[in-house]
Amino acid sequence: MKLLARLKQKLFRWESDGSVPFRLSQRRIFIIPTRAGVVFAITLIAMYTGAINYTLALGHALVFLLCGLGLIGMIHTFRNLFGLSIAPGRSSPVFAGETAYFTIVLRNERQTPRLGLSLQATDNVQVETHVVAEGKCEIAIPVLTHQRGWLNLPRVRLFTVYPLGLLYAWSYLQPEMRCLVYPQPIYLPLPPEQSTTSTGERQGDGGQEDFAGFRNRQAADSLRHVAWKASARDAGQRPLLVKQFAGGAEQELQLDWQLTPENADSETRLCILTGWVLAAEAAGVSYGLRLPGQEISAQRGDQHRTRCLEALALYPS
Amino acid sequence: MSKPAPQTLDHRCAPWLFAAALATTLPHAWHQPAWLSLLSGLILAYAGWLWWRNERLPGRWLLIPLVVLTCAGVMLEFRTLLGRDAGVAMLVLFMSLKLLELRSQRDAMVLITLGYFLLLTHYFYSQSIPTGLWLIVALTMVTAALIRLHGGPASKPLPTLRYAGLLTLQALPFMLVLYVLFPRISGPLWGLPQDAHSARSGLTEQMSPGSFSDLALSSEIALRVRFDGEIPPRDKLYWRGPVMEVFDGRTWRPDPEQKKPPSIEALSPPIRYESTIEPNQQRWLLALDAPAPDLKEFGINRTLTVTIRQPLQQRGRFALTSVTDYRFNVSEDPAVLRRNLALPANLNPRTRALAESWRSQGKDQSVTVNRALALFSGDDFAYTLQPPLLGENSIDEFLFQSRRGFCEHYAAAFVVLMRAAGIPARVVGGYQGGERNPVDGFLVIRQSDAHAWAEVWLEGKGWVRIDPTAAVSPSRVEGGIALALPDSEALPALLTVRSDWARAVRHRWEAINNAWNQQVLGYNPERQRELLNQIGLANPDWKNLTALLASLVGLLLLSLTAWTLYHRPRLDPAQRLWHGALKRIAKSKVNYAPWETPLALQRRIEIEQPALAPAFTAVVNAYLKARYSADPTDLRPLREAIARLP
């Protein structure tokens with residue numbers, strides 16, 4: 001098995017592509033017939049036998065023309081990948097159990113479009129795309145997440161059967177891309193507020209539930225907080241909006257490792273803390289995070305939330 | 001092998017598949033029973049309607065009974081499911097039924113593969129140039145459907161068609177190379193079904209009143225002949241077919257007893273020629289009268305008919321030799337002579353009485369022959385395509401009442417007269433005449449040239465050809481049937497063309513068809529061997545043939561790959577102007593480094609060549625504006641700025 005794996009490694013050039021754009025060359029494009037291609041070949045043999053048996057001169061010609069079509073199809077399937085530029089794009093953090101999307105930018109410098117391209121990260125759902133002539137397209141490759149922490153983009157297979165579907169050309173991409181995976185939140189009731197010291201940085205004069213405006217929805221925002229009416233106004237042109245409330249910063253939460261159930265293991269505790277961070281942010285209160293060995297002082301807002309979640313995601317296990 | 005995930009078919013793809021199905025099945029409507037074409041048409045229309053209304057496709061409850069019913073229909077129509085015609089009918093029906101089952105990409109692939117296969121079946125019925133051309137169009141159509149299927153909605157109609165055309169064009173060189181060089185195997189590999197070859201009208205081994213006048217209406221080509229030397233004069237162009245010796249009062253048939261070889265004495269130099277005979281399902285060939293008996297590949301029977309072992313089911317090319325002046329079986333077997341005197345008893349009493357009276361006047365045989373011919377050349381006999389129907393005593397009725405007939409009437413009456421007068425005689429079927437195509441020099445003999453004449457055996461002379469039709473209508477032999485018939489009798493337009501240009505067009509077209517038949521369709525294992533010999537492969541066996549083939553295909557593949565993958569990035573107009581500007585400043589000893597951005601270059605020039613800087617800064621500004629502004633179409637400022645460069 002190990003030998004086979006090494007052979008594959010060597011044959012398919014499984015190696016990191018780094019984090020710079022690169023162009024697919026013939027050395028890393030592979031091609032085999034598809035099932036339809038095999039059926040096509042068998043059909044051709046049957047047709048050829050028929051042409052011989054009935055001495056059909058044009059039958060011979062037809063079979064040979066279709067043979068030529070198959071051969072030409074090989075070139076064109078190969079060409080559909082050849083010379084395609086691939087650049088790693090961005091990825092946004094997700095919670096464990098959600099699907100992470102790694103954006104890859106495909107750039108086509110040719111004057112003909114490249115249609116019927118598919119991408120698939122190992123063991124994940126495939127996505128289909130095409131690149132217009134002399135254009136580019138951004139494609140998000142889904143990868144299912146299981147664990148918190150950094151998730152490296154697994155090996156991606158870029159493949160196509162276009163134009164004839166008789167041949168399957170593929171290439172392995174391994175751009176250096178990673179995505180931060182937060183722990184999967186577990187929602188327990190928030191711990192009681194620890195202190196009411198005012199920080200003096202009042203964000204608004206109104207009460208805690210005073211409406212302060214809209215902001216773009218983040219992946220972590222619950223759908224319940226989406227301002228549907230406001231979002232509907234521009235008919236999906238922009239990301240969804242969530243209402244933001246400003247309140248007095250008198251209330252302050254300490255989300256402390258110590259407050260999580262004692263019998264839970266550390267991963268579960270991280271999950272509970274994640275749930276608290278989200279709940280506290282949603283509730284609009286200031287909160288601080290205290291983990292063994294590190295502490296984040298109480299604050300509010302997206303940046304703060306992200307900081308907390310990153311700390312939870314990267315907490316050494 | 002890789003298995004694509006089962007994918008549902010995109011809605012807009014269906015019209016492509018409909019078009020592919022239509023293109024591959026439509027030409028079959030010409031020869032299929034009407035109900036079959038109608039049924040497939042209805043199914044196609046129904047599938048199209050469902051697609052238009054965006055309704056669900058019918059389930060198994062409809063498809064299974066439909067399949068069973070159509071199979072039963074085909075079974076009833078053809079009495080089999082396995083023959084050629086039945087098989088084609090089934091394929092056409094399955095093709096249309098598959099349209100009711102287009103759910104996934106896989107279904108579409110099945111349909112397309114079936115479509116490619118169906119293309120082949122058209123050649124059972126026709127291999128003419130128009131069929132060949134139409135099938136290239138149909139093939140492109142099917143390929144376009146294939147491309148659309150895999151390209152998805154992003155595959156726009158016109159580019160898809162263009163791409164399919166490009167693929168077909170690129171596949172053509174492969175077809176040519178393979179067609180010429182791929183080792184040919186001569187078929188058939190196994191026994192063919194009964195209906196493997198279409199029945200065609202043509203000369204048969206039987207002659208009864210009316211059998212020739214039907215042929216006279218057909219302008220189809222029966223055979224084409226290329227002579228090594230000059231074409232013999234028209235009145236020598238008798239194309240000998242079956243010889244009919246047995247008469248039952250109505251129909252003439254060949255004598256099955258054919259064992260003895262003929263003896264023939266040539267009186268003129270041999271004429272060599274190559275005949276291309278259209279398939280006629282017969283076991284004899286048509287040869288110029290009289291074929292020389294030293295033909296090796298063919299048999300030649302007692303009555304001097306060239307025979308072949310298998311019925312002629314494909315267009316065949318035969319190299320033959322004939323002599324036009326000959327003496328044939330001067331010493332004939334008495335039993336044969338006796339059989340050639342036999343007449344059915346009690347029939348045609350008046351004819352026999354007339355012949356008896358000639359015989360009783362004695363004189364020699366040739367006088368009797370001339371008497372009969374003189375009878376026919378009398379005023380009251382007419383040559384016509386529409387003779388009246390004849391009763392039991394057909395010869396009596398013809399000779400003494402109607403006196404209107406076609407060549408078979410004259411030949412039959414003449415032979416009966418001779419036999420009754422004691423001269424052994426028989427009927428010979430074949431063709432007479434032919435028309436030289438000035439374009440390619442082939443002599444073209446049509447079904448309308450079908451002819452029947454007589455042969456009498458005269459002591460010391462052997463069998464002598466006598467054409468009674470020539471007596472009644474000399475122009476039949478000298479000028480062909482169109483001249484011999486009265487104007488009132490309608491012949492197909494093709495046979496009666498008299499205007500020069502129409503004739504020229506027809507000659508041209510038939511010569512093209514002939515070249516197509518000879519060079520393209522007639523390219524068989526022997527031709528392949530000849531050709532390979534010509535190009536220097538003295539002894540082509542499969543090994544060096546394969547090597548040659550592989551290297552040629554490889555070369556083609558390589559050059560097409562190079563051509564297809566070659567890609568030069570196209571510069572946009574602003575970039576092109578910018579490159580021009582860089583060339584201009586190179587004259588002022590400023591060299592541009594490939595990694596330098598325009599602004600970096602500008603800064604460098606400001607330091608290194610301050611004199612150049614203002615003009616160049618204008619160029620850079622105009623260039624950046626032309627390339628990166630929201631409306632980059634206006635290139636005039638850039639051009640003007642470049643023009644101001646020193």
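Trainee: In E5(A), which residue is the bridge partner of Pro88(A)?

Mentor: Ile104(A) is. Keep in mind that we're reading a predicted model here. The general idea first: strands of a sheet pair through backbone hydrogen bonds, either parallel or antiparallel. In this case, E3(A) and strand E5 (residues 99-108) of chain A pair in the antiparallel sense, with five bridges between them.

Trainee: And in which sense do strand E1 (residues 22-23) and strand E3 (residues 85-91) of chain A pair?

Mentor: Antiparallel again, over two bridges. To find the register, look at Arg23(A), which sits opposite Ser85(A) of E3(A).

Trainee: Okay, what about the sheet with E4, E12 and E9 of chain A; in what order do the strands come?

Mentor: Read across it and you get E4-E12-E9, an open sheet of three strands with mixed pairing. Strand E4 (94-95) and strand E9 (149-152) of chain A each have a single partner strand, so they are the edges, and one side of each has no neighbour in the sheet. E9(A) pairs with strand E12 (residues 178-182) of chain A in the antiparallel sense, over four bridges. There, Gly149(A) is opposite Val181(A) in E12(A).

Trainee: Which helix lies across E9 and E12 of chain A?

Mentor: Helix H6 (residues 302-313) of chain A, and it runs at about 95° to E12(A).

Trainee: Over to chain B: what span should the 24 residues of helix H20 (residues 542-565) have?

Mentor: At 1.5 Å a residue you'd expect 34 Å, and the end C-alpha atoms of H20(B) are 33 Å apart, so the two agree.

Trainee: How many of the 24 residues of H20(B) are buried?

Mentor: Zero; that helix is hardly covered.

Note on methods
Residues are numbered from 1 along each chain as its sequence is written. Chains are lettered from A and ligands numbered from 1 in the order in which they are written. This is a predicted model: local features need pLDDT of at least 70, side-chain atom pairs count only at pLDDT 80 or more; totals for chains, interfaces and linings use all residues. Two strands pair if DSSP finds at least two bridges between them. Two residues are in contact if their C-beta atoms, placed from the backbone, lie within 7 Å. Axes are lines fitted to C-alpha atoms, for helices over the stretch in contact, and angles run from 0 to 180 degrees between N-to-C directions. The expected span of a helix is 1.5 Å times one less than its number of residues. A residue is buried if 20 or more other C-beta atoms lie within 10 Å of its own, exposed if 12 or fewer, and partly exposed in between; C-beta atoms are placed from the backbone.
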